[in-house]
Amino acid sequence: MTKRTIWNRRNLMRTTAASCAAALGLTLSACSATADAETLLEEAQDGGTLRVAYADEEPFAYTDSDGNVVGQSVAMHTYLLGELGIEEDQIDWVQTEWDSLIPGLGSNHDMVIAGMYVNADRCEAALFADPDYVMPDTLLVPAGNPENLENINSFIDRDDLVVGVMNGTTEHANVEQDLELDDSQYDVHPNLSALVRELKAGRIDAVALTDINLRLEAEADDDLDTVEPFWPTDADGNDIIGAGAVVFPDGANNFRDAVNEILHETLEDRDLWLSLVGEYGFNEDNIPDPDITAENICGDSYQ
């Protein structure tokens, strides 16, 4: 089969309305299109509070030492919201576990700003704006890379090694579904801090996550290294391009479309894009090509 590039199409976070309601103890209507979502943009532009969920993940959206929520996704989307007339002081930041970001839309929070990758299964449960960045993966390993690991596929034939992944991420889906690793070959934890503790304790051999946050981790710790960045592959060997975007609840199509319009103008102005996110380690390699849109990634799941 000829190798080709595809976008994320993982089976993670398949959140049907029923499972959403079961997980949160909510009515089905809380997880589906609501009248509130349809008027979300108008209410925010009239000065209403916008509840925005983030997962405290550096460099996308996290709380800094001064208690401020900052990061690449925060800088990008507070700018876009500002262009729509929604000021930063209208935003109520809601720190949320990663695997509750989509299920909590419409009940716990109004939108998600967390650098979340777009994929077809997530698109069944929520509205994704077009991607505002692309990012390869890497492995975080002990200094010197003692197991000579190259990428996530290194674990396929090494059943003596264990890779750590963060719960609910595309890397979690990659080891579980695309690579079909045995349960004993991967370890799931709720956040990067827990994964680093496991790695430094020798209970796992590497951490798989996006390149930029692991690179930042290694730069701050002489006991850690990263391997060369790589695109994960699916079961057929096709590259999977990770592309992150902001997420809205069902029914907020007008809000999503308004954000998209300003986003595309911003992506075309590379100097502006870099001025917003460059301080978080992003460069021109992370600007999505014009054909990398949520509709192209989501396919039939696009809402």
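Glutamate 180 sits in the loop that runs between helix H6 (170-178) and strand S11 (186-189), where helices (H or I, at least four residues) and strands (E, at least two) are DSSP runs numbered from the N terminus. The phi angle of glutamate 180 is near 55 degrees, a positive value in a residue other than glycine. With 63% relative accessibility, glutamate 180 counts as exposed; here buried means under 20% relative accessible area, exposed over 50%, and partly exposed in between (1.4 Å probe, protein chains only). The model is predicted, so local features need pLDDT of at least 70 and side-chain atom pairs count only at pLDDT 80 or more, while totals for chains, interfaces and linings use all residues. Residues are numbered from 1 along each chain as its sequence is written, and side-chain values use heavy atoms, with hydrogens and water left out.

A second positive phi in a residue other than glycine belongs to asparagine 145, with a value near 50 degrees. Asparagine 145 is placed in the loop between S9 and strand S10 (163-166), and its relative accessible area of 16% makes it buried. Another backbone feature worth a look is the cis peptide bond between glutamate 58 and proline 59, for which omega is about 10 degrees. Proline 59 belongs to the loop between strand S2 (50-54) and strand S3 (62-63).

Turning to the chain as a whole, the secondary structure comprises 11 helices and 15 strands. Of the 303 residues in the protein chain, 55% count as buried. The accessible surface comes to about 13,100 Å², and carbon and sulfur atoms hold 41% of that surface; these areas come from the Shrake-Rupley method with a 1.4 Å probe, and for residues only the protein chains shown count as cover. Among contacts with a separation of 6 or more, 74% are between residues 24 or more positions apart, a contact being heavy atoms within 4.5 Å.

The interior can be followed through a few residues. Serine 73, part of helix H4 (residues 72-83), is buried at 1% relative accessibility. Leaving aside neighbours within four places in sequence, serine 73 is in contact with Phe60, Ile113, Ala114 and Gly115. Leucine 139 lies in strand S9 and is buried, with a relative accessible area of 0%. Its C-alpha atom is separated by 8.3 Å from that of threonine 210, although the two residues are 71 apart along the chain. Helix H8 (residues 211-219) contributes Asp211, Ile212, Asn213, Leu214 and Ala218 as its buried residues. Their cover includes strand S9 (137-142), helix H7 (192-200), strand S12 (206-210) and strand S13 (224-226).

Charged side chains come next. Side chains of opposite charge can pair when their charged atoms come close. The structure holds 9 salt bridges, each defined as a side-chain nitrogen of Lys or Arg within 4 Å of a carboxyl oxygen of Asp or Glu. In one of these, lysine 200 meets aspartate 221 at 2.6 Å, N to O. This pair links distant parts of the chain, with lysine 200 in helix H7 and aspartate 221 in the loop between H8 and S13, 21 residues apart. Lysine 200 is partly exposed at 45% relative accessibility, whereas aspartate 221 is buried at 16%. Arginine 203 and glutamate 198 also form a salt bridge (2.9 Å, N to O); arginine 203 is exposed, with a relative accessible area of 52%, while glutamate 198 is buried at 13%.

A further salt bridge brings together arginine 270 and glutamate 284 (3.3 Å, N to O). Here too the pair links distant parts of the chain: arginine 270 is in helix H10 (residues 270-277) and glutamate 284 is in the loop between H10 and helix H11 (294-298), 14 residues apart. Both partners are partly exposed, arginine 270 at 39% and glutamate 284 at 42%. Salt bridges with shared partners also join Glu147, Arg158 and Asp160 into one network.

On the surface, Glu83, Glu261, Glu265, Glu268, Asp269 and Asp271 form a negative patch. Such patches consist of residues with over 30% relative accessible area and no salt bridge, with like charges joined within 9 Å and nonpolar side chains (Val, Leu, Ile, Met, Phe, Trp, Tyr) within 5 Å. Lys and Arg count as positive and Asp and Glu as negative, while His and the chain ends are not counted; the place of a charge is taken as NZ of Lys, CZ of Arg, CG of Asp or CD of Glu. Helix H9 (residues 253-268) supplies the largest share of the patch, 3 residues. Glutamate 261 is in helix H9 and is exposed, with a relative accessible area of 53%.
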